[in-house]
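Q: I'm new to reading protein structures and I'd like a close look at one small part. Could you take me through it slowly and then show me what surrounds it?
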Amino acid sequence: MQQRHTNRRQYFEELADTSQKYFIPFLEQYYGRVEECRILEIGCGDGGNLLPFVRKGCHVTGVDISETRIRQAREFFAERHAEARLIHADIFELEEETGQFDIVLIHDVIEHISRKREFIAQALRFLTPGGMLYIAFPAWQMPFGGHQQICRNRFLSRWPYLHLLPRFLYRRCLVWGGEEKPVVDELLDIKSCRTTIEHFRNLIRQCNLTLVREEFYLINPHYETKFGLKPRKVPALFAGIPYLRNFYTTSCFYLLRQG
C-alpha cells in the first residue's frame, strides 16, 4: 500500500492539486467559468477535489457513504478555514431537499457501483436544468484498473494487470499475499463492478445523456502529484480503437448533460 492511502492529509492535498490543475480547466473549457457555481460531489471521500472549487467562490457540497471520510473531510476543511457542506449519506437515500446544483462531480466512484444506471438517475435528480455531470474513472483493463495498489503486500500492489486474472485465481493471489478479508472483498467487488469505456458509452445512451466531451489519458493527471509524471492524453488514433483502448487508458474524463 502506498503511503498516501494511510496519510490522508497527503492524499487530500494531492487531490486538491490535481483538481486545481486539471479538473477545473476541463470543466471551464466546456461549461464556462465555475466561480460561484453550486457544486455537488458524490463520493467525495476526504474532499480534496472540492477545495479548489471553494477557493473559486463556489458553494460546495460533498456526500460520501463513509462516516470516517466525512469526519476527516470536515477536519481538513476546518484546518484551512474553508466552508463546505459535507454529508454522511448513501446517495441512493439522499433527499432532493439537499438542493440543486450546476455541476455534479463523480470522480473515481462509478467503477465501485453495481447499479450504475440507477446511480446516474439518482445523481441527475440534483442537477439544475442546463447543468453538467462530470464523471471520471479508470478504464477497467488498464494496468491498475482493479485498484490493487491498495494492497498492503508491496508485490501485489505493484503488479500491473493483476486484476485481470480469473476471479478464483485473483482471490488466491490476494489471500496468498496476506491481504485481509475486507481488502479482498473490496477488490473482488471492484472486479464485479468493472467499468470499460464501451460499457460507459452504452450507459450514456441508456440514461439519455448528451456527450459534451470525453478525454482519455495515457498518463493520469493524478500521476503528476503521485509520481512526478507529466500527464499525457491517448493519441487520437489509439483512443479510437474500441476495447483495446481500455488497456492503456488510465483515466477517462466525461462531461455530460441531460437530453
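Let's begin with one side chain: what does the side chain of glutamine 122 make a polar contact with?

A: Its partner is the side chain of arginine 125, at 2.6 Å. A polar contact here is a pair of N or O atoms within 3.5 Å; within protein, one must be able to donate a hydrogen and the other to accept it, and residues adjacent in sequence count only if both atoms are side-chain atoms.

Before going on, a word on what you're looking at. This is a predicted model, where local features need pLDDT of at least 70 and side-chain atom pairs count only at pLDDT 80 or more, while totals for chains, interfaces and linings use all residues. Residues are numbered from 1 along each chain as its sequence is written, and side-chain values use heavy atoms, with hydrogens and water left out.

Back to our residue. Glutamine 122 sits in helix α4, residues 116-124. (Helices are DSSP runs of H or I with at least four residues, strands are runs of E with at least two, and both are numbered from the N terminus.) Glutamine 122 counts as buried because its relative accessibility is 8%; buried means under 20% relative accessible area, exposed over 50%, and partly exposed in between, with a 1.4 Å probe and protein chains only.

Who else does it meet? Setting aside neighbours within four places in sequence, glutamine 122 is in contact with Ile91, Phe92 and Leu94, where contact means heavy atoms within 4.5 Å. Leucine 94 is 28 residues away along the chain, yet its C-alpha atom and that of glutamine 122 are separated by 8.8 Å.

Now zoom out to the sheet. It's an open one with eight strands in the order β3-β2-β1-β4-β5-β8-β6-β7, and the pairing is mixed. Two strands pair if DSSP finds at least two bridges between them. At the edges stand β3 (85-88) and β7 (232-233), each with a single partner strand, so one side of each has no neighbour in the sheet. Our helix, α4, packs on this sheet and touches β1, β4, β5, β6 and β8, with its direction at about 140° to that of β5. Such angles run from 0 to 180 degrees between N-to-C directions, using axes that are lines fitted to C-alpha atoms, for helices over the stretch in contact. Another helix, α8, lies across β5, β6 and β8, and runs at about 5° to β8.

Inside the sheet, β1 and β4 pair in the parallel sense over three bridges, and glutamate 41 stands opposite leucine 105 in β4. Strand β4 also holds aspartate 102, which counts as buried because its relative accessibility is 12%. A polar atom of the aspartate 102 side chain lies 2.8 Å from the backbone nitrogen of arginine 38.

Helix α4 has a role in the largest nonpolar core too. That core has 36 residues, and those with the most contacts inside it are Ile120, Leu133 and Phe200. (A nonpolar core is a set of buried Ala, Val, Leu, Ile, Met, Phe, Trp, Tyr and Cys residues joined through side-chain atoms within 4.5 Å.) Among the elements that each supply at least two of its residues are α4, β5 (127-137) and α8 (197-206). Apart from this core lies another, of 30 residues, including Phe12 and Leu105.
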